[in-house]
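Please walk me through this protein model. Take the helix geometry first, then the metal site.

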Amino acid sequence: MLKEPSFVRDVPLQFSEPLKKISDGIKYIIIHHAQERGWDIYKTHHFHQAVRKWSGIGYNFFIEANGEILKGRGYHVGAHAYHYNEVSLGICLTGDFDVDHPTKEQLSSAKKLCHYLMSEFNIPVSDVLGHRELPGTTKTCPGKNFNMDQFREFISKK
Ligand SMILES: [Zn+2]
């Protein structure tokens with residue numbers, strides 16, 4: 001049985017359609033930034049719903065600037081990485097890391113969440129990818145200031 005991490009806080013988000021549960025065939029963790037300054041989970045959810053016309057926030061998990069880890073879609077199929085939604089979980093850190101840097105609190109929460117998911121789904125650290133590392137992606141996501149090699153090295157430690 002898949003178990004969602006107990007340290008993730010559930011927030012009241014209304015999705016406009018029923019979400020599909022993920023299978024246990026999750027192979028990747030994909031890291032994103034919100035690409036906007038000061039967007040919290042509610043603003044991101046609203047944008048994905050009202051502008052993108054998705055059923056709601058596309059990310060599985062969302063990390064606020066203070067490091068709080070919130071549940072977006074959780075263990076339901078996301079809308080965050082073209083061709084990869086069925087086989088990955090998307091973690092979004094709020095902020096625009098083309099301009100700013102993730103906070104220490106965000107990085108340590110991202111590490112904690114990655115550790116949990118890597119062990120739950122048997123994902124090697126090499127398959128924790130930045131959105132821009134997916135083939136065919138032209139975005140800078142999770143931002144020019146977010147070094148994925150450094151991040152993988154950071155989370156490969158205890
Ligand atoms: Zn992204």
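The expected span of a helix is 1.5 Å times one less than its number of residues. Keep that in mind for helix 2. This is a predicted model. Helix 2 covers residues 104-121, 18 residues in total. From first C-alpha to last, helix 2 reaches 26 Å, close to the 26 Å expected at 1.5 Å a residue.

Now look at what helix 2 packs against. Its buried residues are Gln106, Ser109, Ala110, Lys111, Leu113, Cys114, Leu117, Met118 and Phe121. The partners of these buried residues include strand 2, strand 3 (61-63), strand 4 (69-71) and strand 5 (88-93). Strand 6 and helix 3 are also among the partners. Just after helix 2 comes Asn122, with a positive phi of about 60°.

Next, the metal. Which protein atoms are the donors of the zinc ion? They are ND1 of His32, ND1 of His131 and SG of Cys141, lying 2.0 to 2.3 Å from the ion. Along the chain, the donors follow the spacing H-x98-H-x9-C. The two histidines link distant parts of the chain, 99 residues apart. His32 sits in strand 2 (residues 28-33). His131 lies in the loop between strand 6 (128-130) and helix 3 (148-155).

Are these histidines buried or exposed? Buried means under 20% relative accessible area. His32 has 2% relative accessibility, so His32 counts as buried. His131 is buried too, because its relative accessible area is 9%.

Finally, the annotation. An unreviewed UniProt entry lists residues 16-143 as "domain: N-acetylmuramoyl-L-alanine amidase". Over residues 16-143, the chain is 22% helix and 16% strand. The end C-alpha atoms of that stretch are 29 Å apart.

How values were computed:
Residues are numbered from 1 along each chain as its sequence is written. This is a predicted model: local features need pLDDT of at least 70, side-chain atom pairs count only at pLDDT 80 or more; totals for chains, interfaces and linings use all residues. Side-chain values use heavy atoms; hydrogens and water are left out. Donors are N, O and S atoms within 2.8 Å of the metal (3.2 Å for Na, K and Ca); water is not among the atoms, so sites may look incomplete. Helices (H or I, at least four residues) and strands (E, at least two) are DSSP runs, numbered from the N terminus. Buried means under 20% relative accessible area, exposed over 50%, partly exposed in between (1.4 Å probe, protein chains only). Contact means heavy atoms within 4.5 Å. UniProt positions are given in the numbering used here, feature names are shortened, and annotations may be inferred rather than shown by experiment.
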